[in-house]
Amino acid sequence: MLERLAVMLMKEFLELKRDRWAMFRLIVPLIVQMLVFGYAATFTVHHVATSVLDLDRSQASRSLISHFVATSRFDIVDYAQKQSEITHDIDTGRATIAIVIHAGFSRMLDKGAALQVIVDGTNSNTALIALGYLSQIVSGFSLEQSGASGIGISLQARPWFNEGLDDRWFFIPGVIGTLTLLQVVSLTAFAIVREREVGTLEQIMVSPIRPFEFILGKTVPFFLIGLGDILLVSAFGILWFHVSFMGNPWVMLAGASLFLLAALGIGLLLSTFSRTQQQAFSLNFFFVNPLFILSGFAFPIAAMPEFLRWFTYINPLRYFLIVLRAVFLKGVGFTVLWPELSALALLAFVALSLSVLRFRKSLD
Amino acid sequence: MSGESKAIVAQGLSKRFQSFLAVDNLDLEIAKGEVVGFIGPNGAGKSTTLRMLCGLLRPSSGKAHVAGYDVEKDPEAVREHIGYMSQKFSLYNDLTVRENLRFFGGIYRVPKKEFAGRMNFAVSMAGLEGREDMLVHTLAGGWKQRLALGCAILHRPPILFLDEPTSGVEPEARRRFWDLIHDLASDGVTILVSTHYMDEAEYCNRIALINRGRLVAMGSPGELRLRDLGGKLVEIACSPLGAAVNALAGSVIEAAIFGDRLHAVLDPNGPDGEEIRKLLEEKGMNVGAIRMVSPSLEDVFVRLVSGGKEERVLS
Ligand SMILES: Nc1ncnc2c1ncn2[C@@H]1O[C@H](COP(=O)(O)OP(=O)(O)O)[C@@H](O)[C@H]1O
Ligand SMILES: [Mg+2]
């Protein structure tokens with residue numbers, strides 16, 4: 001068995017070595033995507049184009065406006081003179097949000113004044129986030145106006161593990177898992193299908209090699225490549241984006257290994273269902289996107305409908321993201337993460353066993 | 001039933017792809033040490049049959065034993081005893097000659113002690129001395145085919161299946177390849193080799209003619225050539241050939257174009273050579289020499305295929 005495995009591995013690494021673009025293809029997309037995700041994937045919104053119509057023209061209204069000017073969240077792009085200008089700003093997209101201070105605002109302040117806000121809801125995400133900032137600013141302002149006499153609860157939020165509530169800290173560990181999954185699943189799925197298409201698989205199937213010897217020979221190189229991916233992307237996140245790494249590298253390695261085995265199993269399984277690279281491509285597309293969406297990478301699992309939540313339980317990325325975030329940001333170890341690690345081990349075992357069972361040494 | 005002296009036995013072997021019957025009720029018996037040519041046009045079912053015998057495809061019905069093992073029940077035992085060269089070249093193009101040999105040697109677990117010797121044998125057999133470190137994709141067709149044969153025999157299989165090993169290879173390299181096949185056969189290896197080159201039939205101990213999935217005839221080239229075509233065979237120099245074939249339909253048993261001539265099997269109760277000439281000239285064709293020829297295998301094959309009769313195994 002070792003002999004066959006050894007020649008399989010030798011062959012795989014020779015092919016990889018001869019493939020001049022392999023290193024480029026393996027590394028560059030990872031780094032580029034890491035950069036894109038690192039910079040673009042954020043929920044923080046700055047410089048929301050804002051249009052203001054002050055019909056009150058009082059001390060209080062000017063003071064409220066100055067609160068908006070003072071923050072980088074909002075950029076006042078237009079001081080409008082009448083309602084129609086506001087409508088125009090929103091319609092043309094010049095402003096995302098418009099604030100209208102009606103006449104009598106300052107008089108009504110102690111009885112409860114109303115502030116009209118119009119927001120361009122086409123991007124509901126930005127709108128919601130901007131409204132959140134806006135209400136913070138407004139409640140700060142009203143607390144100020146009511147002075148010490150006013151009754152008010154001020155919230156003292158203190159986020160743990162990510163004190164600055166930096167989105168990047170949330171995203172980067174997720175990016176590591178997601179990019180590795182994409183790369184490992186597609187590499188594995190394509191590798192076997194390519195041998196099938198070229199015809200070398202037929203020559204191998206007619207030999208007495210055992211399915212698991214072949215599968216193992218195909219998986220080990222991709223396992224090592226996957227580990228390299230994780231190492232590279234993690235180092236990049238830590239050194240370039242300054243994400244803290246609080247945890248134990250061994251916990252990370254254990255999680256990464258189990259996750260990679262599960263990802264390899266999925267790739268192998270996909271390859272047993274494809275005859276051509278074209279089919280492998282479609283299958284890959286069909287399966288990998290849901291894995292990504294149903295992982296909790298960007299969309300909270302808690303917000304998903306019940307039946308979709310069930311799918312997340314068979315998604316290795318779900319567990320690996322928990323492990324990654326916990327290891328990076330919380331620094332917790334095996335005692336806390338054992339359920340996730342066990343789930344990954346189980347998924348890896350099932351996916352790999354299924355692929356060995358499904359890999360028939362037959363052309364039909 | 002597997003028969004101790006028989007290397008390959010197939011009984012009623014069939015393969016159905018969806019509704020299409022690619023191999024139809026094929027019977028085959030090949031003795032140890034025989035070189036058997038599997039001859040038929042493209043799509044006849046040669047590759048499908050070879051793949052079933054190698055355990056790569058499951059027969060839809062029928063049975064086959066190779067080296068005494070049932071291909072369906074015990075494909076792994078079959079695999080230990082066979083070498084196979086698929087129709088499509090299937091070595092690793094981005095590995096060198098030596099790396100390919102080492103790979104297949106390892107997959108077949110050639111003992112370490114013997115490996116160097118067998119590799120040298122394969123290299124010299126393929127005429128690849130001095131090219132051991134060349135990448136396979138840089139080799140010309142003939143060398144590739146011989147290397148593929150070398151990889152297929154590294155583990156010294158007693159039975160070899162070669163699927164159109166000489167297609168697309170220049171004539172000189174084809175001849176060389178057949179020399180190799182005969183060298184192996186003289187060492188006692190049983191070889192079933194498919195081809196669509198009729199002239200290669202002469203190199204085989206026996207040939208199996210296959211058409212549309214059916215075995216049309218089987219026997220030695222000599223035996224097959226002696227087969228009764230139903231009448232005398234004449235070669236007619238005339239033009240245009242296509243019109244002449246149509247003109248003769250109904251007057252002769254069989255008419256077919258052979259290169260720049262026409263071959264016709266005369267009906268003993270129909271027109272003879274001179275009457276044929278008149279018949280063609282009346283239709284405005286130029287007719288040159290008409291002479292009796294002895295049938296080639298191709299004549300026999302054309303006759304068997306178009307005759308549509310259910311010819312069964314000869315001998
Ligand atoms: N996997 C398959 N699925 C469907 N039809 C097939 C398959 N393999 C071969 N065939 C068909 O079976 C027939 C015989 O093919 P093949 O055995 O390759 O012929 P040959 O090798 O004599 O050229 C052809 O018509 C071919 O199209
Ligand atoms: Mg073929």
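Student: Chain B first. In what order do the six strands of the open sheet run, and how are they paired?

Tutor: The order is 6-7-8-3-9-10 in chain B, and the pairing is mixed. Bear in mind that this is a predicted model.

Student: Which strands stand at the edges?

Tutor: Strand 6 (82–85) and strand 10 (214–219) of chain B. Each has a single partner strand, so one side of each is left without a neighbour in the sheet.

Student: And what does the twist average from one strand to the next?

Tutor: The average is 15 degrees.

Student: How do strand 6 and strand 7 of chain B pair, parallel or antiparallel?

Tutor: Parallel, over four bridges, with strand 7 of chain B covering residues 159–163. One bridge in strand 7 of chain B puts L162(B) as the partner of M85(B).

Student: Which helix packs on the sheet at strand 6 and strand 7 of chain B?

Tutor: Helix 5 of chain B, residues 141–153, touches both of those strands. The direction of helix 5 makes about 160 degrees with that of strand 6 of chain B.

Student: What about helix 6 of chain B, which strands does it lie across?

Tutor: Helix 6 (residues 171–186) lies across strand 3 (35–39), strand 6, strand 7 and strand 8 (190–195) of chain B. Relative to strand 8 of chain B, helix 6 runs at about 155 degrees.

Student: Switching to the interface. How many residues does the contact take from chain B and from chain A?

Tutor: Chain B gives 32 residues and chain A gives 27 residues. Between them the two chains bury about 2,800 Å², with 56% of it on carbon and sulfur atoms.

Student: Which residues in chain B lose the most area to chain A?

Tutor: Y92(B), I107(B) and R109(B), which together make up 23% of what that side buries.

Student: How many salt bridges are there between chain B and chain A?

Tutor: Two salt bridges. One of them joins E202(A) and R51(B), where the closest N and O atoms are 3.0 Å apart. Polar contacts across the interface come to 11 residue pairs, both residues at pLDDT 80 or more.

Student: Which elements give two or more residues to the side of chain B that touches chain A?

Tutor: Helix 2 (75–80), strand 6 and helix 3 (97–107) of chain B. Helix 3 of chain B gives the most, with six residues.

Student: And how do the residues on that side of chain B divide into nonpolar, polar and charged?

Tutor: There are 16 nonpolar, five polar and 11 charged.

Student: Back to sheets. What is the order in the open sheet of four strands?

Tutor: In chain B that order is 12-13-11-14, with antiparallel pairing. The edge strands are strand 12 (254–258) and strand 14 (286–292) of chain B, each pairing on one side only. Neighbouring strands of this sheet are turned by 25 degrees against each other on average, direction ignored.

Student: Which helix packs on that one?

Tutor: Helix 9 of chain B, residues 273–282, touching strand 11 (233–239) and strand 14 of chain B. The helix direction makes about 165 degrees with that of strand 14 of chain B.

Student: Last one: how many residues lie between the strands in the hairpin of strand 1 and strand 2 of chain B?

Tutor: Two residues, and Q18(B) takes a positive phi near 50 degrees in that hairpin. Strand 1 (residues 6–17) and strand 2 (residues 20–31) of chain B pair antiparallel over eight bridges, and I8(B) has I30(B) as its bridge partner in strand 2 of chain B.

Note on methods. Residues numbered from 1 in each chain as written. Chains lettered and ligands numbered in written order. Predicted model: local features only at pLDDT ≥ 70, side-chain atom pairs only at ≥ 80, totals over all residues. Heavy atoms only, no water. Pairing = 2+ DSSP bridges. Axes fitted to C-alpha atoms, helices over the stretch in contact; angles between N-to-C directions. Contact = heavy atoms within 4.5 Å. Buried area = accessible area lost by both parts, 1.4 Å probe. Salt bridge = Lys/Arg side-chain N within 4 Å of Asp/Glu carboxyl O. Polar contact = N/O pair within 3.5 Å; in protein donor to acceptor, adjacent residues only side chain to side chain. Nonpolar A, V, L, I, M, F, W, Y, C, P; charged D, E, K, R; others polar.
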